[in-house]
Amino acid sequence: MRRQAPQAARSAIRSAARWRAGCASAALALALATAPVAHGQGFVGRGTVVGGDAAAQIVDSANHTDVLIHQDQVVIDWSPSDLSGNGAINFLPNGNSATYQSRGLAGFTVLNRIVPYDPASGAVLNRAIALNGLIQSRVDNAVGGNVWFYSPGGILVGSTGVFDVGGLVLTSNAIDVTNGLYGGNGEIRFRGASGSLSAVSVARGANIKALATGSYVALVAPRVEMSGTVNVNGSAAYVGAEQADVRINNGLFDIAMTVGTGDAHGV
C-alpha cells in the first residue's frame with residue numbers, strides 16, 4: 001500500500017523548520033574555507049561508469065560535466081582529485097555545474113558513489129564531499145530523472161548549492177545495489193556502517209528543487225542537518241538512521257528504519 005509516513009513518524013524524521021540554521025551555515029563555511037577550486041570541469045574528480053559507456057558517458061568541458069544516460073539505472077564511481085589536507089572536499093565548486101540527461105528513456109536513476117580513496121595509503125579518507133554548484137537532471141530536455149549521491153564521510157551542500165532535478169537522494173550510508181538500485185519491493189536499501197556519525201548537511205541559502213510530478217527529496221544519514229530551501233512536487237523525508245529501507249512511489253514514502261543512529265540529534 002502506498003502511503004505517506006504517519007504524523008508521528010514524520011515528526012521524528014523531519015525537523016528542518018526547527019533546525020539551528022546559523023550553526024549549520026557557520027560550520028559549513030569553516031569546512032570550505034581552504035578547499036581548492038578547479039575550473040577545467042564541473043565535478044573535480046574522475047568518474048568511472050560501472051558497466052562502461054553502454055550505460056552512460058561522462059563529458060567534461062570548462063566548469064561543466066555532462067553525464068549522458070543510456071540506461072534506466074546507472075552507477076558511477078567518482079574519485080575526487082583533492083586527496084591532501086583536511087576538511088571538506090570541494091567536489092563541485094561554486095560556479096561549476098553538472099547535468100544528467102537522457103533521450104528516449106521514460107526516466108532514469110543514477111547513483112553517484114563519491115569515495116575519496118587514497119591509493120598511497122590504501123585507505124578511504126574520512127572527509128565530507130561539498131557540493132557548491134548547480135546540479136540538473138533532464139529527460140528529453142524536461143526536468144526529470146533521479147540523481148542520488150553517496151559519500152561515506154558525509155555530504156555538505158553549501159549556501160550556493162542548487163539542485164534542479166526530478167528526484168534527489170543525499171546519503172552517507174552505502175546503498176545496496178544487489179540486483180539493481182531497488183530491492184524486490186522497489187525500496188532503496190540504505191546500509192550504513194555501524195557506529196557511523198557521518199552527516200548530510202544543507203546550508204542556509206542552498207536551493208533544492210524537484211518539480212516533476214511525483215518527485216521526491218530524501219536525505220538519509222546518521223545525522224541530517226537541513227537549513228536550506230526545498231521545493232518538491234511530491235514529498236521530502238529527512239531520515240536519521242544508519243540503515244533503512246525507503247520505498248518511494250509517486251512522491252509517497254514508506255520508511256522502515258532497521259538501525260537507528262547514535263547521534264544525539266539525528267535530524
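1. Long-range contacts. Take the contacts between residues at least 6 apart in sequence: 65% of them join residues at least 24 apart. This is a predicted model, and every point below should be read with that in mind.

2. Secondary structure. The chain has 23 strands and two helices. Helix 2 covers 21-32, and strand 1 follows at 45-49.

3. Burial and surface. The chain counts 267 residues, and buried ones make up 50% of them. The exposed area is about 11100 Å². Carbon and sulfur atoms supply 50% of that area.

4. Aromatic pairs. How many aromatic pairs does a search of the whole structure find? The search returns eight. Two of them deserve a closer look. A pair of aromatic rings is described by the distance of the centres and the angle of the planes.

5. Phe43 and Trp78. The ring centres of Phe43 and Trp78 are 4.9 Å apart. Their planes stand at 65°, so the pair is edge-to-face; the cut-off for that class is over 60 degrees. The two residues are 35 apart along the chain, and the pair links distant parts of it. Phe43 sits in the loop between helix 2 (21-32) and strand 1 (45-49). Trp78 belongs to strand 4, residues 73-80. Both Phe43 and Trp78 are buried.

6. Trp148 and Tyr182. This aromatic pair is also edge-to-face, with 5.3 Å from centre to centre and 75° between the planes. Again distant parts of the chain are linked, here 34 residues apart. Trp148 lies in strand 13 (residues 146-150). Tyr182 lies in the loop between strand 16 (167-171) and strand 17 (187-191). Are the two partners buried or partly exposed? Trp148 has a relative accessible area of 0%, so it is buried. Tyr182 has 25% and is therefore partly exposed, since buried means under 20%.

7. Aromatic cluster. Which residues form one aromatic cluster? The members are Phe43, Trp78, Phe91, Tyr100, Phe149 and Phe163. Phe43 and Trp78, the edge-to-face pair of point 5, thus belong to this cluster.

8. Asn63. Asn63 is not a glycine, yet its phi is positive, about 65°. The residue lies in the loop between strand 2 (56-61) and strand 3 (64-69). Its relative accessible area is 26%, so Asn63 counts as partly exposed.

9. Asp140. Here too phi is positive, about 50°, in a residue that is not a glycine. Asp140 is found in a loop, with strand 11 (134-139) before it and strand 12 (142-143) after it. Relative accessibility is 40%, so Asp140 is classed as partly exposed.

10. Largest pocket: size and centre. The volume of the largest pocket is about 290 Å³. Its lining holds 19 residues. Which of them lie nearest the centre? They are Asn146, Gly214, Tyr216, Ile248 and Asn250.

11. Largest pocket: lining. Strand 19 (207-221) and strand 22 (243-249) each supply at least two lining residues. Strand 19 gives the largest share, with five residues. By class, the lining divides into 13 polar residues, five nonpolar and one charged.

Definitions and conventions
Residues are numbered from 1 along each chain as its sequence is written. This is a predicted model: local features need pLDDT of at least 70, side-chain atom pairs count only at pLDDT 80 or more; totals for chains, interfaces and linings use all residues. Side-chain values use heavy atoms; hydrogens and water are left out. Helices (H or I, at least four residues) and strands (E, at least two) are DSSP runs, numbered from the N terminus. Buried means under 20% relative accessible area, exposed over 50%, partly exposed in between (1.4 Å probe, protein chains only). Rings of Phe, Tyr and Trp (its six-membered ring) pair if their centres lie within 6.5 Å; planes under 30 degrees apart count as stacked, over 60 as edge-to-face and the rest as tilted. Contact means heavy atoms within 4.5 Å. Accessible areas come from the Shrake-Rupley method with a 1.4 Å probe; for residues, only the protein chains shown count as cover. On a 1 Å grid over the protein atoms alone, a cavity is a set of points where a 1.4 Å probe fits but cannot get out, and a pocket is an open set with protein on both sides within 12 Å along at least five of seven lines; lining residues have an atom within 4 Å of a point. Grid points are joined across faces, edges and corners, and a volume is the space filled by probe spheres set on the points. Ala, Val, Leu, Ile, Met, Phe, Trp, Tyr, Cys and Pro count as nonpolar, Asp, Glu, Lys and Arg as charged, and the others, Gly among them, as polar.
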